[in-house]
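Biologist: Please take one helix and look at it closely. Then set it against the rest of the chain.

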Amino acid sequence: MNRPETGKPVKQIHLAAHFPGVNNTTVWSDPRAGSHIEFDSFAHFARTAERAKFDFLFLAEGLRLREQGGRIYDLDVVGRPDTFTVLSALAAVTERIGLTGTINSTFNEPYEVARQFASLDHLSGGRAAWNVVTSWDAFTGENFRRGGFLPEEERYSRAEEFLATAIELFDSWTGDEIVADRESGVFLKDARAGAFAHRGRHFDIAGRFNVPRGPQGRPVVFQAGDSDEGREFAASSADAIFSRHSTLDAGRDFYADVKGRLARYGRTPDQLLILPAATFVLGDTDAEAQELAHEVRRQQVSGRTAIAYLEQVWNRDLSGHDPDGPLPDIDPAPGEHTVARGRAAVRTFRDPLAVAREWRERAAAEKLSIRELVIETTARQSFVGSPATVAETIDAFVQADAADGFILVPHITPGGLDEFADTVVPLLQERGVFRHDYTGTTLRDHLGLAHPDAGTEPETRRAAS
């Protein structure tokens, strides 16, 4: 089926679900909110996503609890069980939904991570995926034996070699070595199976990889990063990339930029999916949904949260200020020593004085209080409206090449995905842009990605890693 306005084929939408971790998207104080540690919460969330025929479930990762003023920042949800443990348990209570885990390449080792993902792929029948991330701050590094962090220019260098090394480990088995012939007593037809040797700048390892090739060949590789280095890394090595672009035009620009980088690595546009994260609020009518969305934002940004967020920019104790009052008259205190250790504000607001000037101008023009300003400046990609409106908007973004689909982040866990599954998904199915049932068994099948044979990557892609 083609689109009448362009003549291009109608794209099928990819949908995934993100179980929120350490962030203020989650309204943990809502009476409907459940535990973020008990397994029942993860199981409910995963089963809902699978019932709705989503491609995968996604878990983020937090390697250290973030602090503000030397204290744990408990306005967020605090804590997250180990990713592999949760995903392995979910593999036992689901059948088709993909299982994506965020694992850091800065503080881990390739052999260990490759072994864990290869094991998960076997346990789940080919549903494992790895979101490859780097760590940017020494604060997190204090939890690990490296005791620090890599300079920014080194992070992606290590990540690229980390991934390339892991792929060598996955590919040390071709998939046909095990014959297990009981009559002859031959178990392996190739006694060299699993042999590897990697000599590189960051890793110098050799031995035998002890997990045979998984059902997918290799786990699906995701990448999250908007920098030029992150986009290049995704174009060279990832199967999908997350983005945060919230408008149609910004999404189309990002989509065109990243897809345009693929050819230099011998890849085609269908070999990399672009999946922005998106929140949503549903109502019986668009007006009702807008009212609900306003209340959700006020729940997410309480007065205390607003002051804490402002302190991350001002780098000062602002506890004496009224969140419903004006911005402080004093200027931010720039410097490397920040009150918000481990928070993204440290790198997001590299020039706090400029940010303060911009915010004061906006607050004055729109007559915004501190809390109202924080609500406005922290808004993320959101779909707000009736189920029909949200279905239409999601479809419009995908057909306009602003995305290949979305990773949905509900504000209530574990039940916040239920309404979307029951009301929006059927409308997308009626439009013919979303599956009625799974047609394959692996995550690669769901995403329309090929199952790679060992050692078949284009040389240009290998060179990039």
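Modeller: Here is helix H9, followed by its surroundings. This is a predicted model, in which local features need pLDDT of at least 70 and side-chain atom pairs count only at pLDDT 80 or more, while totals for chains, interfaces and linings use all residues. Residues are numbered from 1 along each chain as its sequence is written, and side-chain values use heavy atoms, with hydrogens and water left out.

H9 covers residues 303-314, 12 residues in total. Helices are DSSP runs of H or I with at least four residues, strands are E runs of at least two, and both are numbered from the N terminus. From first C-alpha to last, H9 reaches 16 Å, close to the expected 16 Å. That expected span is 1.5 Å times one less than the number of residues.

H9 is mostly covered, with 11 of its 12 residues buried. Buried means under 20% relative accessible area, exposed over 50%, and partly exposed in between, using a 1.4 Å probe and protein chains only. The buried residues include Ala306, Ile307, Leu310, Val313 and Trp314. Polar names appear too, among them Thr305, Glu311 and Gln312. Just after H9, Asn315 takes a positive phi of about 55 degrees.

Now the cores. Ala306 belongs to a second, separate core of 18 residues, which also includes Val301, Leu327 and Val374. A nonpolar core is a set of buried Ala, Val, Leu, Ile, Met, Phe, Trp, Tyr and Cys residues joined through side-chain atoms within 4.5 Å. In soluble globular proteins, nonpolar side chains tend to be buried together. The largest core has 78 residues. Phe54, Leu90 and Trp130 are among the members that touch the most others. Helix H5 (residues 152-170) gives this core its largest share, 8 residues.

Helix H8 (residues 286-300) holds Leu292. At 37% relative accessibility, Leu292 counts as partly exposed. Setting aside neighbours within four places in sequence, Leu292 is in contact (heavy atoms within 4.5 Å) with Val281, Leu282 and Gly283. Val281 is 11 residues from Leu292 in sequence, and 7.0 Å away in space, C-alpha to C-alpha.

Last, the whole chain. It has 16 helices and 15 strands. Of its 465 residues, 54% count as buried. Among contacts with a separation of 6 or more, 74% join residues 24 or more positions apart.
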